[in-house]
Structures are given as C-alpha cells and as structure tokens.
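Biologist: I would like a close look at a single part of this model. Please take one helix and the loop that comes after it, and then say what else stands out in the backbone and on the surface.

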Amino acid sequence: MGGFVDSNVCINIIAVMSLIISSCIMGENISDPKCDSPLPSHAIPVYESDVDSIQFALNLEYLEAEFFCWGSMGVGLDVLAPYLVKGGPSPIGVQKANLDPLVSSIIMEFAFEELDHLRAIWSTVGGFPRPLLDLSPHNFANIFDMAFGYNLNPPFNPYRDSLSYMLASYVIPYMGLVGYVGANPLLIGYKSKRLLAGLLGVEAGQDAVIRTYLYELKEEVVKPYNISVAEFTTRISELRNKLAACGIRDEPIIVPPQYGAYNRSETNILSADYYSLSYARTPAQILRVVYGTGDENCPGGFFPHGANGTIARSYLIK
C-alpha cells in the first residue's frame with residue numbers, strides 16, 4: 001500500500017541512525033574537532049618589534065600585582081611569587097588594607113590575575129626586573145591632593161577602608177586598559193596579538209568592576225571628607241587627562257549626556273569615546289600619569305626611579 005512503510009524498513013532505519021549517533025557520541029569514525037583558527041602559512045608568533053611594546057606593560061602589571069596582593073593579603077611578590085621579581089627592589093610603603101569581605105574577595109582575585117599576567121608576559125616575550133614602586137599612603141595622598149587642587153585633611157589613605165581602597169584602585173587599572181588599546185595596532189605577531197587581547201579583556205573587566213562598585217555608591221560621602229564618591233572620580237579623571245595631555249581620554253562615573261553612550265547617557269560605568277570604544281594612550285602619555293609629573297622624562301609618583309624596559313628607559317636618557 002502506498003501510504004504505509006514496511007515495519008522492517010523502519011526498524012533498519014532506526015538501527016542505522018542509532019549506530020551513527022552512538023559513533024558520534026563515542027568519537028568513533030570521526031576526525032578530531034578543530035578548536036583553533038588556522039594560521040596563515042607565513043604567520044610569525046612574535047615579531048621583534050612586538051617585544052618592547054608588550055614588555056612596557058610589565059611596569060603596570062607589577063604595580064597592580066603589588067597593590068592588589070598587599071591590599072588583600074598583606075604580602076606581595078617577594079612572598080607569593082619571588083621568581084617573578086627578577087631581583088627588583090621591594091615596593092615602598094604598601095600595606096594590607098582594612099577591607100570588608102566582599103572587597104577583599106574581589107581584590108584577592110585581581111591579585112592572582114595580575115600574577116598570571118606577569119607569568120604570561122614573561123613566558124611570551126621575556127621581561128625585566130620589578131621596578132621600584134611607591135605605593136605608600138603618602139604617595140596616594142599627593143595624587144589626591146593634586147586632583148583636588150588642595151591638601152585633603154587628613155591626608156587620603158588608600159588602606160583606611162574598602163571605599164578608600166576602591167577609590168585608589170580607580171587610579172591604577174584603567175591606565176593598563178588604555179595602554180593595551182594603544183599598543184594593539186602596533187603588534188604584528190599572532191601570539192603577541194592573542195596575549196594582548198587576553199590581557200586587555202581582563203584589565204577592562206577589573207576596571208568595570210571598580211567603576212560599578214563606585215557608581216553604586218556615587219552619592220555617598222567619603223569619610224572623613226564632605227565629598228561624594230562621584231566627585232572623587234571626576235577629580236581623578238580630570239587629573240589624568242591633564243597630566244597625560246592629548247585631550248579627553250578619561251571619564252568619571254557621571255558625565256554630561258554629550259559624553260555618555262550614544263550622547264544620551266549620564267551614567268558612565270564604562271569610560272569610552274564618541275563611538276563607545278575604549279580610549280587609547282601611548283606609553284609616553286601613561287608615564288606622564290603614573291609619574292605624576294606630566295613629563296615622561298621626569299620620574300616620580302608610583303615610579304620614583306622611573307619605569308623599566310626599553311621604551312620607558314629611552315625617555316630617561318633624553
């Protein structure tokens with residue numbers, strides 16, 4: 001009858017399909033799946049010109065690693081990962097912060113991420129010894145005094161409590177983020193690009209966590225000052241723009257609509273340009289900020305003796 005299928009045929013079809021499905025599940029009679037994109041035949045993992053650009057980032061990774069490790073655990077690289085120090089001097093004035101459980105957990109995760117970043121850079125392009133870092137309350141107090149244009153009383157102490165620590169954290173990871181964006185178009189090797197993309201993703205995530213935390217508390221008054229959290233971020237962003245020069249490439253957590261996403265948003269959890277793309281900065285601009293001098297040839301701030309590596313040292317000999 002044309003409208004019916006022989007039951008034996010149905011049974012045979014089911015048996016064949018079961019065998020195919022079973023083979024797929026068990027991995028039989030199929031080739032290994034491809035998990036990575038094919039590379040051009042001429043591809044080079046790391047070009048010689050990539051090395052200095054990626055190594056420059058070690059300065060900021062060392063800075064973040066020490067700040068986050070000490071802030072959350074009360075010890076730094078000399079204890080947690082001495083093999084990454086490479087003979088560099090111990091940081092100045094860094095200490096354990098008085099953090100609540102939430103912030104302590106966040107910062108501890110950041111700390112271990114930074115240790116991994118150091119390992120990733122060293123294993124890919126090599127590096128240099130940890131530079132001398134000043135993470136003392138006195139140095140942070142100077143930065144916040146510069147931001148406000150007068151001396152805060154009492155001096156700002158990043159280790160005082162969770163909010164103070166997160167405000168101090170607002171100062172640091174963002175510089176790594178914009179540095180990676182700036183370095184991206186300069187890289188050629190496929191392994192170099194993959195490393196930078198991975199580093200950039202996590203640095204952007206850290207900055208977003210910090211900014212979201214501060215945005216939630218934007219109207220809270222920072223003790224013992226009669227100044228809101230939002231105003232603190234505005235002053236720090238304005239200072240970084242001033243020190244780095246080259247226009248606005250740094251925005252606080254609240255902005256006028258013309259600076260917000262699609263020119264309509266006053267909330268600014270992510271700092272981004274007209275097209276909602278991350279801002280980029282050059283090594284010279286970054287050094288002007290982290291030195292606190294506005295001059296890549298004049299060290300100070302977080303790097304009393306200057307940053308390390310070919311790019312940073314080249315400015316110091318001019």
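Modeller: What follows describes one helix, the loop after it, and then some other features of the backbone and the main pocket. The model is predicted.

The helix is α9 (229-244). α9 has 16 residues and spans 23 Å from its first C-alpha to its last, close to the 22 Å expected at 1.5 Å a residue. α9 is also mostly covered, with 12 of its 16 residues buried. Among the buried residues are Val 229, Ala 230 and Phe 232, and the list goes on through Thr 233, Thr 234, Ile 236, Ser 237 and Leu 239. Arg 240, Asn 241, Leu 243 and Ala 244 are buried as well. In an α-helix there are 3.6 residues a turn, so residues three or four places apart point the same way.

After the helix comes Ala 245, with a positive phi near 65 degrees. Cys 246 lies in the loop between α9 and α10, and its phi is positive too, about 70 degrees, although Cys 246 is not a glycine. Most residues other than glycine have a negative phi, and most peptide bonds are trans. Cys 246 is partly exposed, with a relative accessible area of 41%. Asn 263 is found in the loop between α9 and α10. Asn 263 is not a glycine either, yet has a positive phi of about 60 degrees. Its relative accessible area is 33%, which means that Asn 263 counts as partly exposed.

Two peptide bonds ahead of α9 also deserve a note. The bond from Lys 223 to Pro 224 is cis, with omega about 5 degrees. Pro 224 sits in the loop between β1 (221-222) and β2 (227-228). The other cis bond runs from Asn 153 to Pro 154, with omega near 0 degrees. Pro 154 belongs to the loop between α5 (137-148) and α6 (162-171).

As for the surface, the largest pocket has a volume of about 180 Å³. Its lining is made up of 17 residues, and Ser 53, Phe 56, Gly 179, Ala 183 and Pro 283 lie nearest its centre. The elements that give two or more residues to this lining are α2 (48-73), α7 (173-183) and α10 (283-290). By type, the lining residues of the largest pocket divide into 11 nonpolar, 5 polar and 1 charged. Thus α10, which bounds the loop holding Cys 246, is also one of the elements that give two or more residues to the pocket lining.

Terms used
Residues numbered from 1 in each chain as written. Predicted model: local features only at pLDDT ≥ 70, side-chain atom pairs only at ≥ 80, totals over all residues. Heavy atoms only, no water. 1 Å grid on protein atoms, 1.4 Å probe; cavity = no way out; pocket = protein on both sides within 12 Å on 5 of 7 lines; lining within 4 Å. Points joined across faces, edges and corners; volume = space filled by probe spheres on them. Helix = DSSP H or I, 4+ residues; strand = E, 2+ residues; numbered from the N terminus. Nonpolar A, V, L, I, M, F, W, Y, C, P; charged D, E, K, R; others polar. Buried < 20%, exposed > 50% of the residue type's maximum accessible area, 1.4 Å probe, protein only. Expected span 1.5 Å × (residues − 1).
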